[in-house]
Amino acid sequence: MNKVEIKTQITVFDSVEELSDSVKALMNKAVEARKNAYAPYSKFKVGAAFLLEDGTIVTGNNQENAAYPSGMCAERVAVWKVASEYPHLKILKLAITASSSTQLTKEPVAPCGACRQTLSEYELKQKDKIEIYFMGEVGKIIKTDSLLDLLPIAFDKSFL
């Protein structure tokens, strides 16, 4: 038996003001998308914004449904929009923000497991890392240099 240690390095920013102007603008687009999320059941709104290699920004937000499993997360709404409308462009960065109408969301909210798996498919497909920035409504922002920092042992096409 071998024991393997997996390490992930993240960068933590204390506020949006510490971000570069381009990442700040991307996060602002995610905030705008979050405001349009349809979350009448959870009261938890999420917005996502992708920066593509040509400068295009593509946004998405979570969409709930009374049949709960039929809803969709912001990150997957946005990445599938990228894949369907800009299939030949690489994704450079992703900004995610979340808020709740029942409490102030102060902690960074990372992508869920299903979104991590979906996003890993696109990062592996394009053979280039996607920087990910995520936050709550206010407060600290976490940055990873790659989606695989959040999903270090990923399932991919090599298993099929």
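1. In this predicted model, F50 touches a long list of residues beyond its neighbours in sequence, namely L26, T56, I57, V58, E75, A78, V79, V82, I91, K93, L94 and L119, where residues up to four places away are not counted. F50 is placed in strand β2, and its relative accessibility of 0% puts it among the buried residues, because buried means under 20%. As a reference distance across the model, the C-alpha atoms of F50 and T144 are separated by 14 Å, the two residues being 94 positions apart along the chain.

2. The contacts of F50 belong to a wider picture, since F50 is named with I91, L94 and I132 as having the most contacts inside the largest nonpolar core, which has 23 residues. At least two residues of this core come from each of β2 (44-52), α2 (74-85), β4 (91-100), α3 (113-126) and β5 (131-135). A separate, second core has 13 residues, and F13, V23, A49 and I141 are included in it. As a general matter, nonpolar side chains in soluble globular proteins tend to be buried together.

3. L94 deserves its own point, for its contacts outside the four nearest places in sequence are with L26, A48, A49, F50, L119, I130, E131, I132 and Y133. Among these partners are F50 and I132, which are named alongside L94 as having the most contacts in the largest core. A49 is also a contact of L94, although A49 is included in the second core of 13 residues.

4. Turning to the overall chain, the model has three helices and six strands, and from the N terminus on these follow the order β-α-β-β-α-β-α-β-β. The C-alpha trace spans about 45 × 40 × 35 Å along its principal axes. For 160 residues a compact globule would have a radius of gyration near 15 Å, and the 16 Å of this chain agrees with that. Of the 160 residues, 41% count as buried, and among contacts with a separation of 6 or more, 68% are made by residues 24 or more positions apart.

5. Which residues make a nonpolar patch on the surface? V4, I6 and I153 make one of about 340 Å². I153 is located in the segment after β6 (141-144), and with a relative accessible area of 68% this residue is exposed. For the chain as a whole, the exposed area is about 9,200 Å², of which carbon and sulfur atoms supply 53%.

6. Six salt bridges are counted in the model, and three of them can be set out here in turn. In general, side chains of opposite charge can pair when their charged atoms come close. K93 and E131 meet through their side chains in a salt bridge with an N to O distance of 4.0 Å. K93 lies in strand β4 and E131 in strand β5, so this pair ties together parts that are 38 residues apart in sequence. K93 is buried at a relative accessible area of 18%, whereas E131 counts as partly exposed at 22%. Both residues also appear in the contact lists discussed above, K93 as a partner of F50 and E131 as a partner of L94.

7. The other two pairs likewise join residues of unlike exposure. E17 forms a salt bridge with K24, their closest N and O atoms being 3.5 Å apart; E17 is exposed at 61% relative accessibility, while K24 is buried at 19%. In the second pair, the side chains of D145 and K143 meet at 2.8 Å, N to O, with D145 partly exposed at a relative accessible area of 38% and K143 buried at 14%.

8. Two lysines have backbone angles that a reader may wish to inspect in the model. K43, in the loop between α1 (21-35) and β2, has a phi near 65°, which is positive in a residue other than glycine, and K43 counts as partly exposed at 37% relative accessibility. K127, in the loop between α3 and β5, likewise has a positive phi of about 60° although K127 is not a glycine, and its relative accessible area of 73% makes it exposed.

Terms used:
Residues numbered from 1 in each chain as written. Predicted model: local features only at pLDDT ≥ 70, side-chain atom pairs only at ≥ 80, totals over all residues. Heavy atoms only, no water. Patch = residues over 30% accessible without salt bridge, like charges linked within 9 Å, V, L, I, M, F, W, Y side chains within 5 Å. Areas by Shrake-Rupley, 256 points an atom, 1.4 Å probe, with all protein chains shown as cover. Helix = DSSP H or I, 4+ residues; strand = E, 2+ residues; numbered from the N terminus. Buried < 20%, exposed > 50% of the residue type's maximum accessible area, 1.4 Å probe, protein only. Core = buried A, V, L, I, M, F, W, Y, C linked by side-chain atoms within 4.5 Å. Contact = heavy atoms within 4.5 Å. Rg over C-alpha atoms; globule rule 2.2 N^0.38 Å.
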